[in-house]
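Here's a quick briefing to read alongside the model. It goes through a few helix pairs, then a couple of individual residues, and ends with the overall picture.

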Amino acid sequence: MQILQSITPQVKDAGALQISNKSRADRSLRKAVSEGDDSPLVSLCRPLSSVSCSDRVPTPSDSGNRLRHQVALLFSRTRVQAFAASAFLVAVPVFIQAPLVRLVPQVCLLTTAIWLLLGWKLLQKASTQLWGDLIIGFSWTWLAGAVYWGWFRWDPYVHLPIEALGLPIVLILLRYGKAKIGNYFYLGSLLGTAITDLYFYCVGLIPYWRALMVNPPEQAGVILHNALMRMETYQGVGSAIVLLSLLIMLGTIPLRSHSTRWWAFSGAVLSTILVDSLFFVAAIFA
């Protein structure tokens with residue numbers, strides 16, 4: 001009995017010590033959970049509601065939302081918007097102005113004033129300043145296209161001088177720091193046109209150009225087929241490789257800049273490749 005009495009206090013002390021240690025361990029674990037400890041034991045003890053979204057297994061829906069967010073973020077940048085808009089504005093005359101100017105060249109020419117007025121109005125507001133700037137530069141290319149394709153399309157030798165009609169105005173505006181983005185777009189478009197015309201001169205496609213303009217549409221297929229045969233010669237392929245490389249170089253180097261006007265310039269230069277490709281595709285299907 002005496003032995004039992006002497007052991008009982010020690011058992012009570014040991015039980016109290018275990019309870020104390022367990023309470024201390026519970027407090028330490030709760031503290032680790034609250035502080036965001038990522039050890040395996042703590043992760044098991046953490047409530048499911050406290051698990052962050054980054055701990056979940058990504059689903060296809062998450063990947064799609066992330067991709068859409070990245071694309072939206074990319075096109076929210078001003079210079080990317082200028083690049084995309086420049087590429088679009090170079091292609092517009094091919095699909096809209098070319099058929100319009102054949103039917104009503106006077107209306108197409110007068111539309112230049114509408115473009116200028118619209119650009120000037122958009123330029124007055126900070127939220128639409130980029131678009132107004134680009135439209136002003138685009139109006140010079142529209143003016144040149146209306147004049148050439150309306151009245152001089154049968155003479156390829158005056159194509160580039162007429163395309164440069166807006167060049168004096170653009171240089172004056174740049175001298176005073178006005179409409180820089182639109183003017184750089186015009187310069188890029190003019191440079192792309194000059195390189196395309198150079199290819200026609202080097203390969204000897206000028207006679208086919210003139211024949212395509214003066215002959216009835218029924219003969220267009222034969223003319224384009226003969227032009228394609230000329231393009232498939234060693235001279236045609238070699239010139240295409242050299243001038244295409246030049247276009248790519250002149251169009252990609254400005255993209256290293258963070259300036260919006262240089263991205264507009266690049267968009268106009270690189271989209272020339274797309275427009276030239278349309279002529280090549282038309283010749284193939286002819």
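Let's start with a pair of neighbours: helix 10 and helix 11 run roughly antiparallel to each other, since their axes cross at roughly 170° and anything over 145 counts as such. Keep in mind that this is a predicted model. Helix 4 gets a good share of the space below, as it packs against helix 6 and also against helix 13.

**Helix 10 with helix 11**
- Helix 10 covers residues 206–214, and helix 11 covers residues 220–231.
- Their axes come within 10 Å.
- On the helix 10 side, the residues that meet the partner are Tyr 208, Ala 211 and Leu 212.
- Helix 11 answers with Ala 220, Ile 223, Leu 224, Asn 226, Ala 227 and Arg 230.
- Sorted by class, this contact has seven nonpolar residues, one polar and one charged.

**Ala 227, a closer look**
- Ala 227 sits in helix 11.
- Its relative accessibility is 2%, so Ala 227 counts as buried.
- Setting aside residues up to four places away in sequence, Ala 227 touches Leu 205 and Tyr 208.
- Phe 280 is 53 residues from Ala 227 in sequence, yet their C-alpha atoms are 9.4 Å apart in space.

**Helix 4 with helix 6**
- Helix 4 (residues 78–103) and helix 6 (residues 129–152) have axes that come within 10 Å and cross at roughly 25°.
- That angle is under 35 degrees, so the two helices are roughly parallel.
- Helix 4 passes helix 6 in a right-handed crossing.
- Helix 4 brings a long list of residues to this contact, including Ala 82, Ala 85, Leu 89, Val 92, Pro 93 and Ile 96.
- Among the helix 6 residues taking part are Trp 131, Phe 138, Trp 142 and Trp 149, along with Gly 145 and Gly 150.
- The class count here is 15 nonpolar and six polar, with no charged residues.

**Helix 4 with helix 13**
- Helix 13 spans residues 260–285, and it packs with helix 4 at an angle of about 35°, with the axes 7 Å apart.
- This crossing is right-handed.
- From helix 4, the contact includes Arg 79, Phe 83, Ala 87, Val 90, Val 94 and Phe 95.
- From helix 13, it includes Trp 263, Gly 267, Leu 270, Ser 271, Val 275 and Leu 278.
- By class, this one divides into 14 nonpolar, six polar and one charged.
- Thr 78, Ala 82 and Ser 86 of helix 4 are listed in the contact with helix 6 and again in the contact with helix 13.

**Gly 166, in a loop**
- Gly 166 lies in the loop between helix 7 (159–163) and helix 8 (167–175).
- Gly 166 counts as buried because its relative accessibility is 2%.
- Leaving out neighbours within four places in sequence, Gly 166 is in contact with Trp 140 and Tyr 186.
- Gly 137 is 29 residues away along the chain, and its C-alpha is separated from that of Gly 166 by 9.0 Å.

**The whole protein**
- There are 13 helices and zero strands.
- Of the 286 residues, 31% are buried.
- The accessible surface is about 17,600 Å², and carbon and sulfur atoms own 68% of that.
- Taking contacts with a separation of 6 or more, 65% come from residues 24 or more positions apart.

Terms used
Residues are numbered from 1 along each chain as its sequence is written. This is a predicted model: local features need pLDDT of at least 70, side-chain atom pairs count only at pLDDT 80 or more; totals for chains, interfaces and linings use all residues. Side-chain values use heavy atoms; hydrogens and water are left out. Axes are lines fitted to C-alpha atoms, for helices over the stretch in contact, and angles run from 0 to 180 degrees between N-to-C directions. Helices (H or I, at least four residues) and strands (E, at least two) are DSSP runs, numbered from the N terminus. Angles under 35 degrees count as roughly parallel, over 145 as roughly antiparallel, 65 to 115 as roughly perpendicular and the rest as oblique. A crossing is left-handed if the near helix is turned anticlockwise from the far one by less than a right angle, and right-handed if clockwise. Contact means heavy atoms within 4.5 Å. Ala, Val, Leu, Ile, Met, Phe, Trp, Tyr, Cys and Pro count as nonpolar, Asp, Glu, Lys and Arg as charged, and the others, Gly among them, as polar. Buried means under 20% relative accessible area, exposed over 50%, partly exposed in between (1.4 Å probe, protein chains only). Accessible areas come from the Shrake-Rupley method with a 1.4 Å probe; for residues, only the protein chains shown count as cover.
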